[in-house]
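Take a look at the chain below. We will go from its overall build to a few local details.

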Amino acid sequence: MPSPFTPLPLERAGARAAVLPYGAHVTAWSTADGEQLYLSPRTAYEEGSAIRGGVPVVFPQFSDRGPLPKHGFARTRAWDVLAHAADAVTLALRDDAATRALWPHPFRAELRVVLSDDTLAVTLAVENPGADAIAFTAALHTYLRVADVADVAVEGLRGVRYQDNTARGAERLDDADAVRFDGEVDRVYLDVPNEVTVREPGRARVVRAEGFRDVVVWNPGAERARGIADLEPDGWRRFVCVEAGAVVQPVTLDAGARWTGTQRIAVAPAR
Ligand SMILES: O=P(O)(O)OC[C@H]1O[C@@H](O)[C@H](O)[C@@H](O)[C@@H]1O
């Protein structure tokens, strides 16, 4: 059996991406503008460890908001490859003895990644094959590469409520024109109505979500980054996480039901 750490390449009209079966993890995505994702060179690439960067799939629990390992188990499992074309790949994960020991529910998850000229579309689908309802939280924990986080503005969140994880989840209303990064930022924006734009000098990326109601914005800042062993020194300056998520309101699936959530990241002209 091939290693789950062997990347599956995608290519379309000059755009490229790589997806690992381990975690169904998009580890790279480049367009004519260059690499769009941050991937830590200190990533361990070993069973049981999460990959630092790219697009980790968070399922069935967001962060430490429950009894499971942080961000659930999907990011540290080898997924099956269902289909691999030049510009798209579909992977699947289903319950087994190991997942049921952590989370005693049957499920079928699928992750589909589709590459087009300037857009990366990632869809997570979850189906409940069991007889009882299941509930889960999930996110696509995208690490967008930036030149320097100090120069980044995340737009589209003005007037949206958020839970501030740096203040024990205190709920606030964002009244700033953009989110800027001067120290740790760790926020879950609720019921986000708009697309979110990550703008920096010379480049912009637009993140659109369907099915996911929330958007997480995260950067650890210098101090917290010191405690993250798989980040290189100053690695925290090179990314902003913008994560489409179903975080605050869990998704509930009745017997036989299916849910899908999509995140589309498009490279947009810089202003
Ligand atoms: O280090 P991990 O487990 O990949 O988590 C990274 C971060 O993920 C974010 O989504 C959370 O909001 C943060 O609180 C968390 O620190």
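Rings of Phe, Tyr and Trp count as a pair if their centres lie within 6.5 Å, with the six-membered ring used for Trp. Keep that in mind for the aromatic cluster of this predicted model. Its members are Phe-59, Phe-73, Trp-103, Phe-107, Phe-136, Phe-212 and Trp-259. We will come back to several of these residues.

Start with the whole chain. It holds 2 helices and 20 strands. The C-alpha atoms fill a box of roughly 50 × 45 × 35 Å along the principal axes. Is that chain compact, and what does its radius of gyration say? For 271 residues, a compact globule would have a radius near 18 Å; the chain has 18 Å, so the two agree.

The interior comes next. Buried residues account for 53% of the 271 residues. Contacts also reach far along the sequence. Of those with a separation of 6 or more, 67% link residues 24 or more positions apart.

Now the outside. The accessible surface comes to about 11,900 Å². Carbon and sulfur atoms contribute 46% of it. As for charge, the chain carries 31 positive and 37 negative side chains. The centres of the two sets lie 1 Å apart.

Back to the aromatic rings. How many aromatic pairs does a search of the whole structure find? The search finds 16. One of them joins Phe-212 and Trp-259. Their ring centres are 5.2 Å apart, and the planes meet at 80°. Planes over 60 degrees apart count as edge-to-face, and this pair is edge-to-face. Phe-212 sits in the loop between β17 (203-210) and β18 (214-219), while Trp-259 belongs to strand β20 (residues 258-268), so the pair ties together parts that are 47 residues apart in sequence.

Are these two residues buried or exposed? Buried means under 20% relative accessible area. Phe-212 has 6% relative accessibility, so it counts as buried. Trp-259 has 12%, so Trp-259 counts as buried too.

Another cluster member, Phe-59, takes part in a backbone feature. A cis peptide bond joins Phe-59 to Pro-60, with omega at about 0°. Pro-60 lies in the loop between β5 (57-58) and β6 (80-84).

Ala-74 is found in the loop between β5 and β6 as well. With a relative accessible area of 0%, Ala-74 is buried. What does Ala-74 touch, leaving out residues up to four places away in sequence? Its contacts are Gly-23, Val-57, Phe-59, Trp-79 and Leu-93. Phe-59 thus appears again, this time as a neighbour of Ala-74. Glu-184 is another matter: its C-alpha lies 26 Å from that of Ala-74, and 110 residues separate the two in sequence.

Finally, look at two backbone angles. Asp-191 is not a glycine, but its phi is positive, near 50°. Asp-191 is located in the loop between β15 (185-189) and β16 (196-200). Its relative accessibility is 39%, so Asp-191 counts as partly exposed. Asp-234 also has a positive phi without being a glycine, here about 70°. This residue lies in the loop between α2 (221-225) and β19 (239-253). At 38% relative accessibility, Asp-234 counts as partly exposed. The cut-offs explain both labels, because partly exposed covers the range between under 20% for buried and over 50% for exposed.

Terms used
Residues are numbered from 1 along each chain as its sequence is written. Side-chain values use heavy atoms; hydrogens and water are left out. Helices (H or I, at least four residues) and strands (E, at least two) are DSSP runs, numbered from the N terminus. The radius of gyration is taken over C-alpha atoms; the globule rule is 2.2 Å times the number of residues to the power 0.38. Buried means under 20% relative accessible area, exposed over 50%, partly exposed in between (1.4 Å probe, protein chains only). Contact means heavy atoms within 4.5 Å. Accessible areas come from the Shrake-Rupley method with a 1.4 Å probe; for residues, only the protein chains shown count as cover. Lys and Arg count as positive and Asp and Glu as negative; His and the chain ends are not counted. The place of a charge is taken as NZ of Lys, CZ of Arg, CG of Asp or CD of Glu. Rings of Phe, Tyr and Trp (its six-membered ring) pair if their centres lie within 6.5 Å; planes under 30 degrees apart count as stacked, over 60 as edge-to-face and the rest as tilted.
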